[in-house]
Amino acid sequence: MAKATGFKTPKGTRDVGPPDSARWQALISAFEREAQLANYGLLHTPIFEDIGVFQRIGEGTDVVQKQMWDFLDKGDRRMVLRPENTASVCRSFVQQRPIVPWKIWYQGPFFRYEEPQAGRQRQFNQLGIEVLGSSDADIDVEAIALGSRFLERIGLKRVLLLINSMGDVETRLKYAQAVQDYLRANLGDIDREDHEKIEAHPLRVLDSKRPNTRKVTAEAPRVEQFLSVEAGAHFDRVQAGLGSLGISFAIEPRLVRGLDYYTHTLFEYQSSALDTAQNALGGGGRYNGLVEELGGPDTPGIGFAMGVERILLACDAEQAFVPPDTAPVVWIIDVTDGSSARDLTHELRSTGVSADRSFDHRSMRSQMKAADRSGAAWAIIVGDQEVASGVVTLRNLRESDDQKTIERSQVVAYLVEVLSQR
RNA sequence: GUAGCCGUAGCUCAGUCGGUUAGAGCGCCAGGUUGUGGCCCUGGAGGUCGGGGGUUCAAUUCCCCUCGGUUACCCCA
């Protein structure tokens, strides 16, 4: 417990240190590899932006209405810590005007000012991709497949892929009207807490978790009946593509997602291994109006974001993606004046062998304990006898207790040789 | 923003129906073994019992407030 005068991480934030940080890095690397395999480039955007960038994602959304972590800078500009990345990427696209299709991936911290709970932090990390400049349904397939492949490759098995379509803007408007009419007609059977949403955001009532509302929405009109010919063809092509790639999915007519910019394809990856309220590992969809909203040309886009913390929670639940081994290969035990430890660690590191040592002239027992605890495979022991004879003692700490005497001048080359044979 | 539960050593937790120096296990440090880790034994360090206020002769314990954690609503990653 922190002292009265001590500081702690701010509410809804946490430190991530060893060994968790190594696992976290490995997860990012796994995603980076997946992105590179599909020729996506890395885009870093600022962690804060003008508040207007994010207001474009929908005035009626919770993200904009109550979760924006905004502040005035010293020039009286209204800034906001980014709550998501799609709007930033579109802002960047408008500013840079890269050639299309622009395929980028990203990773980093995001911020939403809300009450923390399981799988929900005020600062959290997302990784994801965006593609701007193509309305080809095969890009939808590529994006969805990339996410599925990533989750599969890190060892998650209990993942459900849900998809839906919102159609184009006209479809969406007509469908929203139909849903609203239907909900109004069944007002009495809908949980009271959802009544307000019926008027403000009828589509969002569809993913309400309240039992009475769910009974009503199960029978709600389906979007298929409202899809234009083009929108229907697009959705058909996406489904056929996923089928061709052998990716299993379920159509979820009530999947609407909370951001207003989505059109056409919507998708979400859910973990059935998590029994918390937040079981969505990630989600995304197509947004064909957002670039224009931000002052650019009419440009289609699609992408998804996944929550790093949630993925790791799911990995814990499935006992997948174990932390990588970060132990040094060699530990130097020097019971003379420490000079050998100083020089040998440097030599080993220079040849690419990880090595560490104790400091502060600890006892041999203490140094051996430290070597054991570190997980090192080898110990190099240097005492007065060794120094006098120009040798060191090389001890195997893992497979056996074998140890042997070896020339001081040979030991580094010897270890490099032994390690190369693995 | 709202509600429930919870804040006692670095970690996981006992405990105190209010009463002299607040405990355990694990971890850490040292010793048993002045050249050998993992097992075992011994010892040690480390807490203003989350913070503030109130009641009381006396508060870690009771009351209020506050901060934080946690779970849920809402919503999302």
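This is a short selection-by-selection tour of chain A in a predicted model.

**Stop 1: the two domains**

Colour residues 20–168 together with 228–318, and you have domain 1 of the domain assignment. Give residues 330–420 another colour for domain 2. The centres of domain 1 and domain 2, taken over C-alpha atoms, are 48 Å apart.

**Stop 2: the eight-stranded sheet**

Next, show the strands of the open sheet whose order is S1-S5-S6-S11-S10-S9-S7-S8. Its eight strands have mixed pairing. Which strands stand at the edges? Select 41–42 for S1 and 250–251 for S8: each has a single partner strand, so one side of each is left without a neighbour in the sheet.

Stay with S1 and add S5, residues 102–111; the two pair in the parallel sense over two bridges. Zoom in on leucine 42 and you will find tryptophan 105 of S5 opposite.

Now bring in helix H1, residues 20–37, which packs on the sheet. H1 touches S5, S6 (123–132) and S11 (301–307), and its direction makes about 160 degrees with that of S5. Then select helix H4, residues 86–96: this helix lies across S5 and S6 and runs at about 45 degrees to S6.

Before leaving this sheet, pick histidine 264, which is in strand S9 (residues 263–271). Histidine 264 is not a glycine, yet its phi is positive, about 55 degrees.

**Stop 3: H1 against H5**

Keep H1 on screen and add H5, residues 137–153. The axes of H1 and H5 come within 10 Å and cross at roughly 140 degrees. The two helices are therefore oblique to each other, and their crossing is right-handed. To see the contact, show side chains for Leu27, Ala30, Phe31, Arg33, Glu34, Ala35 and Leu37 of H1, with Leu146, Arg149, Phe150 and Arg153 of H5. By class, these residues divide into seven nonpolar, no polar and four charged.

**Stop 4: H5 against H10**

Hide H1 and select H10, residues 229–244, alongside H5. How far apart are the axes of H5 and H10, and at what angle do the helices pack? The axes are 8 Å apart and the angle is about 40 degrees, which makes H5 oblique to H10. This crossing, too, is right-handed. On the H5 side, look for Ala137, Asp138, Asp140, Val141 and Ile144; on the H10 side they meet His234, Arg237, Val238, Gly241 and Leu242. The contact of H5 with H10 has five nonpolar, two polar and three charged residues.

**Stop 5: the three-stranded sheet**

Move on to the open sheet with the order S2-S4-S3, which has antiparallel pairing. Select 48–50 for S2 and 69–72 for S3: these are the edge strands, each pairing on one side only. Direction ignored, neighbouring strands here are turned by 35 degrees against each other on average. S3 and S4, residues 78–81, pair in the antiparallel sense over four bridges. Click on leucine 72 to find its bridge partner in S4, arginine 78.

**Stop 6: two cis peptide bonds**

Finish with the backbone at two prolines. Proline 19 lies in the segment before H1, and the peptide bond from proline 18 to proline 19 is cis, with omega near 0 degrees. In the loop between H4 and S5 you will find proline 101; the bond leading there from valine 100 is also cis, with omega near -5 degrees.

How values were computed: Residues numbered from 1 in each chain as written. Chains lettered and ligands numbered in written order. Predicted model: local features only at pLDDT ≥ 70, side-chain atom pairs only at ≥ 80, totals over all residues. Heavy atoms only, no water. Domains from an automatic or database assignment. Axes fitted to C-alpha atoms, helices over the stretch in contact; angles between N-to-C directions. Parallel < 35°, antiparallel > 145°, perpendicular 65-115°, else oblique. Left-handed = near helix turned anticlockwise from the far one by under 90°. Contact = heavy atoms within 4.5 Å. Nonpolar A, V, L, I, M, F, W, Y, C, P; charged D, E, K, R; others polar. Pairing = 2+ DSSP bridges.
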